[in-house]
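This report goes through one protein chain, beginning with a single helix and ending with the chain as a whole. The sequence and the structure come first.

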Amino acid sequence: MKVPNHVAIILDGNGRWAKRRGMPRNYGHVQGAKQVELICEKAYKMGIQYLTVYAFSTENWNRPRDEVDALMKLLRNYMKTCLKTAEKNRMCVRVIGDKTGLAQDIRTRIAELEEATKDNDGLHFQIAINYGGRDEIRRAVKQIGSEIGAGKLRPEDVTEELITEHLDTGGIPDPDLLIRTCGEQRISNFLLWQLAYTEFYVTSVPWPDFNEVELGKAIEAYNTRDRRYGGVEEA
């Protein structure tokens, strides 16, 4: 079975999962965070080299204040947990998104995590925090425009490859497979540029219940796809 090199996941359904159990939404987010750690380990054992998860979008700031505060608290705790997991599993961790929109202590923890794991040779794990696909492209275009204005680039130098390099995911291959949990069939402003030729897999299983078996089902479905790029089959 062919295993995708890069899998991206939209972690959906934490709140609904908790509600069905008579628990507050924040309980679902806590359980969802635990599941991320499990899937990181299982994904790498399956042969996946890159895993990118959508943890907190630019639109998530519009959620109720208490839920946002709880998510930020969870994020702070997760940075510590992720560092321990990375040390154990040799994960190379990278946070994508607009970090300037985060509290300074969170930015500091992110910087420490990225620095401590940058030379690890295990799973390349990307966490999208305060991330939006449109915002990412906007920031990349702004940076390119600034470099043109400074005389470092010419307008004719702007290619798809140059734009790709200026994205948060510069140096990371595009996802082969996108998984969305809990049944919604939209990409919700996630990796808009990078998903151009990605295969999509949607499952009704909410994220806290998404385990190794469910990941295996997604990869099995991926293997049934006829991968084509502009009408040309994948080599």
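The model is predicted. Directly after helix α2, Gly47 adopts a positive phi of about 110 degrees.

The helix that precedes this glycine, α2, covers residues 25-46 and has 22 residues. From its first C-alpha to its last, α2 reaches 31 Å, close to the 32 Å expected at 1.5 Å a residue.

Several positions of α2 are buried. Glycine and alanine appear among them as Gly28, Gly32, Ala33 and Ala43. The buried set also includes Val36, Ile39 and Cys40. His29, Gln31, Gln35 and Lys42 complete the list of buried residues in α2. An α-helix has 3.6 residues a turn, so residues three or four places apart point the same way.

What covers these buried residues comes from several parts of the chain. The strands involved include β1 (6-10), β2 (50-57) and β4 (124-131). Helices also contribute to the cover, among them α1 (14-20), α3 (65-89) and α7 (212-223).

Positive phi values also occur in residues other than glycine. Ser188 has a positive phi of about 50 degrees although it is not a glycine, and Leu191, likewise not a glycine, has a positive phi near 50 degrees. Ser188 is placed in the loop between β5 (177-180) and β6 (199-202), and Leu191 lies in the loop between β5 and β6. Their accessibility is listed below.

| Residue | Relative accessible area | Class |
|---|---|---|
| Ser188 | 28% | partly exposed |
| Leu191 | 2% | buried |

Leu191 counts as buried because its relative accessibility is 2%, and the cut-off for buried is under 20%. Ser188, at 28%, is partly exposed.

The remaining values describe the whole chain. Its secondary structure comes to seven helices and eight strands. A compact globule of 235 residues would have a radius of gyration near 18 Å, and the chain agrees with this because its own value is 18 Å. Along the principal axes, the C-alpha atoms fill a box of roughly 60 × 45 × 35 Å.

Of the 235 residues, 47% count as buried. Among contacts between residues at least 6 apart in sequence, 76% join residues at least 24 apart.

The chain exposes about 11900 Å², and carbon and sulfur atoms supply 49% of that area. It carries 34 positive and 35 negative side chains. The centres of these two sets lie 7 Å apart.

Key:
Residues are numbered from 1 along each chain as its sequence is written. This is a predicted model: local features need pLDDT of at least 70, side-chain atom pairs count only at pLDDT 80 or more; totals for chains, interfaces and linings use all residues. Side-chain values use heavy atoms; hydrogens and water are left out. Helices (H or I, at least four residues) and strands (E, at least two) are DSSP runs, numbered from the N terminus. The expected span of a helix is 1.5 Å times one less than its number of residues. Buried means under 20% relative accessible area, exposed over 50%, partly exposed in between (1.4 Å probe, protein chains only). Contact means heavy atoms within 4.5 Å. The radius of gyration is taken over C-alpha atoms; the globule rule is 2.2 Å times the number of residues to the power 0.38. Accessible areas come from the Shrake-Rupley method with a 1.4 Å probe; for residues, only the protein chains shown count as cover. Lys and Arg count as positive and Asp and Glu as negative; His and the chain ends are not counted. The place of a charge is taken as NZ of Lys, CZ of Arg, CG of Asp or CD of Glu.
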